[in-house]
Amino acid sequence: MASSATRVDLDGSPIKPMTICMIGAGGFIGSHLCEKLMVETPHKVLALDVYNDKIKHLLEPSDGHPWSDRIQFHRLNIKHDSRLEGLIKTSDLLLDLVLNGSDSLSQTINLAAICTPADYNTRPLDTIYSNFIDALPVVKYCSENNKRLIHFSTCEVYGKTIGSFLPKDSPLRQDPEYYLLKENDSPCIFGSIEKQRWSYACAKQLIERLIYAEGAENGLEFTIVRPFNWIGPRMDFIPGIDGPSEGVPRVLACFSNNLLRREPLKLVDGGESQRTFVYIKDAIDAVMLMIENPTRANGHIFNVGNPNNEVTVRQLGEMMTEVYAKVSGEPKLEQPTIDVSSKEFYGVGYDDSDKRIPDMTIINRQLGWNPKTSLWDLLESTLTYQHRTYAEAIKKAISQPASTN
């Protein structure tokens with residue numbers, strides 16, 4: 001239940017109630033953010049998405065939930081629905097009221113996009129359209145109506161590291177400065193045009209540049225978030241259960257699917273790429289600080305990740321195998337992993353970055369945020385949820401004979 005005590009920002013000023021228009025509210029990040037806003041704050045949310053399965057528990061009437069009048073779900077696809085402009089204008093009116101001394105604020109949080117590597121490679125046009133073209137009206141409406149925008153980008157905009165281009169025997173490869181990704185300093189290095197995997201990163205970088213230009217030329221108040229592998233319950237989908245059978249979700253859900261089905265984990269190109277992972281609840285705390293501290297967050301790009309949770313994808317798979325054996329009580333497979341090529345797994349045109357380590361200087365200085373949860377703990381929380389949610393459904397699906405035509 002939201003506290004009745006007055007909330008204050010990092011500078012000790014009272015936080016006024018806000019109406020937040022959230023595009024993509026029904027997804028992984030949006031569902032956790034809606035939960036936090038309903039339970040801990042007095043803010044209102046206009047939740048926009050195609051599906052609401054992950055926030056149904058917030059929408060269903062209940063005497064125990066005092067927020068029924070603070071969240072409204074609007075089922076729409078921003079690509080095709082003419083209601084989008086009207087909804088944005090409605091929330092913009094709340095911003096106009098703040099300029100006239102009202103108690104309410106209005107913001108837009110944009111979470112909607114195609115964001116799985118398999119799609120970047122096989123659906124590059126859809127990827128570019130959903131991450132750039134479809135985002136243009138949102139940026140335009142915010143700029144024209146003086147509405148603050150929090151835009152979710154991706155750590156993919158950094159592309160490859162400088163260190164990856166050094167000779168393999170260079171001692172400089174041991175220097176972390178060649179791999180640390182800094183919001184205002186690191187170059188964005190992508191692969192060749194034929195490597196369609198970079199369609200996502202390019203589209204995301206271009207919308208970032210547009211938002212930044214709107215801020216510079218037209219005074220748009222914005223914050224850009226660059227997530228570094230946010231992990232937790234409700235992430236992605238399990239193919240054939242709550243997603244397409246042929247779907248390929250991101251690495252944690254892929255590995256979860258293998259573990260649930262007692263199949264070896266597929267390590268693309270040996271699983272040598274290195275990544276960092278941050279717990280969704282830690283990341284949502286960072287977003288809340290951005291929402292409620294606009295004077296500290298406006299005009300900034302923030303890395304949101306956990307550099308202490310860095311592992312290779314192979315090491316991640318090994319940890320997940322150990323954790324899942326613990327939470328499920330099932331023995332580990334004799335052959336827990338198999339190696340597959342990126343061409344076999346993702347198709348022609350796939351490329352990858354070697355390491356992604358976020359520099360945390362700016363978010364720590366501006367918002368005082370640091371992640372708290374270890375990789376083992378976040379995996380235990382996530383895999384416990386995956387096992388409780390999907391294990392029986394997968395056993396039932398496996399036991400059913402395949403249909404024949």
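In this predicted model, the largest cavity holds about 120 Å³ of space. A search of the whole structure finds 2 cavities of 30 Å³ or more. Such searches rest on a simple principle: a probe the size of a water molecule, rolled over the atoms, shows where empty space is left. The lining of the largest cavity is made up of 13 residues. Those nearest the cavity centre are Leu259, Arg262, Pro331, Lys332 and Leu333. Two elements, α8 (251-260) and α11 (313-328), give two or more residues to this lining. Of the elements, α11 gives the most, with 3 residues. By class, the lining of the largest cavity comprises 7 nonpolar, 2 polar and 4 charged residues.

Pockets were examined as well. The second largest pocket contains about 310 Å³ of space, and 15 residues line it. Glu183, Glu208, Arg209, Arg226 and Ile301 lie nearest the centre of this pocket. The elements that supply two or more residues to the pocket lining are α7 (199-218) and β12 (300-304). Helix α7 gives the most to this lining, with 4 residues. The lining of the second largest pocket divides into 4 nonpolar, 5 polar and 6 charged residues.

Strand pairing was then considered around β2. Strand β2 spans residues 44-49, and 5 of its 6 residues are buried, so the strand is largely enclosed by the rest of the structure. A residue counts as buried when its relative accessible area is under 20%. Strand β1, at residues 18-23, pairs with β2 in the parallel sense over 5 bridges. Within this pairing, Met22 stands opposite Ala47 in β2. The connection from β1 to β2 passes through helix α1 (residues 28-40), and the resulting β-α-β crossover is right-handed. Strand β2 also runs parallel to strand β3 (residues 71-75), and 5 bridges join the two. In that pairing, Val45 stands opposite Ile71 in β3. As a general matter, the side chains of a regular strand alternate between the two faces of the sheet.

The loop between α1 and β2 contains Pro42. At a relative accessibility of 34%, Pro42 counts as partly exposed, because this class covers values between 20% and 50%. The C-alpha atom of Pro42 is separated by 9.8 Å from that of Ile15, although the two residues are 27 residues apart along the chain.

The cysteines were examined for disulfides, and the structure holds 0 of them. For Cys188, the nearest cysteine sulfur is that of Cys202, 9.4 Å away, and Cys188 is in no disulfide. The distance explains this result, because a disulfide requires two cysteine sulfur atoms within 2.5 Å. Cys188 has a relative accessible area of 30% and is therefore partly exposed. Cys254, with a relative accessible area of 14%, is buried, since 14% falls under the 20% limit for that class.

Definitions and conventions. Residues numbered from 1 in each chain as written. Predicted model: local features only at pLDDT ≥ 70, side-chain atom pairs only at ≥ 80, totals over all residues. Heavy atoms only, no water. 1 Å grid on protein atoms, 1.4 Å probe; cavity = no way out; pocket = protein on both sides within 12 Å on 5 of 7 lines; lining within 4 Å. Points joined across faces, edges and corners; volume = space filled by probe spheres on them. Nonpolar A, V, L, I, M, F, W, Y, C, P; charged D, E, K, R; others polar. Buried < 20%, exposed > 50% of the residue type's maximum accessible area, 1.4 Å probe, protein only. Pairing = 2+ DSSP bridges. Right-handed = clockwise from strand over helix to strand, strands pointing away.
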